[in-house]
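Dear colleague,

I am handing over the structure below, together with notes on what turned up in it. Please read them with the coordinates open beside you.

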Amino acid sequence: MPNETIRLLQSHVSERDFTGEPVADEVLDTIVRAAQRTPTHRHGQQISLVVVRDAHTRQRLYEVTAGPQPQITKAPVFILVAVDFHKTAVAVKAGGGEQHFHESLEGWTVGAVDAGITLATLSTAARSFGLGAVAIGAIRHDPQPVIDLLGLPPRTFPIVGICIGKVNRPAQLRLKPRLPLSTYRHDERYRVDALTPDILSAYDAELLAYWREVGRPDGVPWTQRVQPYSTSIHPETKIIAERQGFTLAE
Ligand SMILES: Cc1cc2nc3c(=O)[nH]c(=O)nc-3n(C[C@H](O)[C@H](O)[C@H](O)COP(=O)(O)O)c2cc1C
């Protein structure tokens with residue numbers, strides 16, 4: 001039973017072909033305010049955004065991000081979603097205590113979940129204005145220059161970014177296929193046998209057909225797509241997170 005919100009959510013695609021036209025201030029303000037309204041763990045509000053419109057800063061972000069990700073320079077707006085335990089530390093101190101939550105895996109998890117909710121809300125809010133959006137997790141490729149460039153204090157971490165702006169769209173927008181719903185939705189209890197070899201090879205074929213259809217002969221099946229990041233561990237995230245105070249000792 002679709003409605004306007006469901007139609008918007010079910011038509012999600014990550015868009016990268018930005019025109020470069022500026023986003024109006026009122027639109028950007030509305031998108032940001034919508035994101036600030038999201039729930040946060042225990043009302044801790046452990047998220048901050050850095051809204052970047054300056055072309056030089058976006059160019060520097062492009063240079064330090066794994067990729068290439070030209071959408072960072074093409075989109076007029078880049079928003080960094082930072083996990084922010086600086087604000088709570090100030091508040092804890094004002095209340096007479098000392099914060100340790102950010103040093104725990106639970107704290108890191110809380111921050112990452114809240115960042116994900118924020119990211120999705122920014123994307124949906126932007127798309128509701130007819131804009132395109134794409135998340136940029138690749139900023140964690142080299143987090144230190146991002147921290148320095150955007151002036152992030154200790155106890156904060158750049159989890160993900162998002163590019164927002166007007167986009168050129170193909171006449172027929174093609175959604176990237178997902179695995180069958182039967183592998184995603186488990187009723188009452190997880191079914192380990194939901195993902196069979198047959199389902200996997202059928203999905204590989206479906207994804208290959210999608211790549212051909214959208215003119216990307218370099219596109220690979222899902223069993224290949226998941227290889228590079230699933231078989232490497234990317235140590236920079238932990239090293240820089242520790243430097244920022246997320247020691248994860250507990
Ligand atoms: C947390 C997160 C990080 C992502 N990072 C990047 C990125 O760095 N660069 C990029 O082009 N797309 C990025 N994406 C977009 C995914 O590649 C995209 O969602 C996926 O391929 C599915 O395609 P679709 O969103 O068009 O359906 C990211 C998505 C998420 C949720």
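A residue is taken as exposed if 12 or fewer other C-beta atoms lie within 10 Å of its own, as buried if 20 or more do, and as partly exposed in between, with the C-beta atoms placed from the backbone. Please keep in mind throughout that this is a predicted model.

That cut-off serves for two residues whose backbone deserves a look, given that most residues other than glycine have a negative phi. Glu188, in the loop between strand 4 (156-165) and helix 8 (197-213), has a positive phi, near 70 degrees, and is a residue other than glycine. Because Glu188 has 5 other C-beta atoms within 10 Å, this residue counts as exposed. Leu248, which is found in the segment after helix 11 (236-243), is not a glycine either, yet its phi is positive at about 50 degrees. Here the count is 14 C-beta neighbours inside 10 Å, and so Leu248 is classed as partly exposed.

A further backbone feature concerns a peptide bond, and most peptide bonds are trans. The one from Gly67 to Pro68, however, is cis, with omega near 15 degrees, and Pro68 itself belongs to the loop between helix 3 (55-64) and helix 4 (71-74).

Turning to the sheet, the model has an open one of four strands in the order 1-2-4-3, paired in the antiparallel sense. Strand 1 (47-52) and strand 3 are its edge strands, each of them pairing on one side only, and from one strand to the next the twist averages 25 degrees. Between strand 1 and strand 2 (residues 77-84) the antiparallel pairing runs over six bridges, and within this part of the sheet Leu49 stands opposite Val81 in strand 2.

Strand 3 (residues 132-136) comes up again at the ligand, since it gives the most to the shell there, with three residues. The full set surrounding the ligand consists of His12, Val13, Ser14, Arg16, Gln69, Val134, Ala135, Ile136, Gly137, Ala138, Val160 and Lys176. By residue class, this shell divides into six nonpolar, four polar and two charged residues.

If you set up calculations around the ligand, the residue list above may be a convenient place to begin reading.

With best wishes

Terms used:
Residues numbered from 1 in each chain as written. Predicted model: local features only at pLDDT ≥ 70, side-chain atom pairs only at ≥ 80, totals over all residues. Near = placed C-beta within 6 Å. Helix = DSSP H or I, 4+ residues; strand = E, 2+ residues; numbered from the N terminus. Nonpolar A, V, L, I, M, F, W, Y, C, P; charged D, E, K, R; others polar. Pairing = 2+ DSSP bridges. Axes fitted to C-alpha atoms, helices over the stretch in contact; angles between N-to-C directions.
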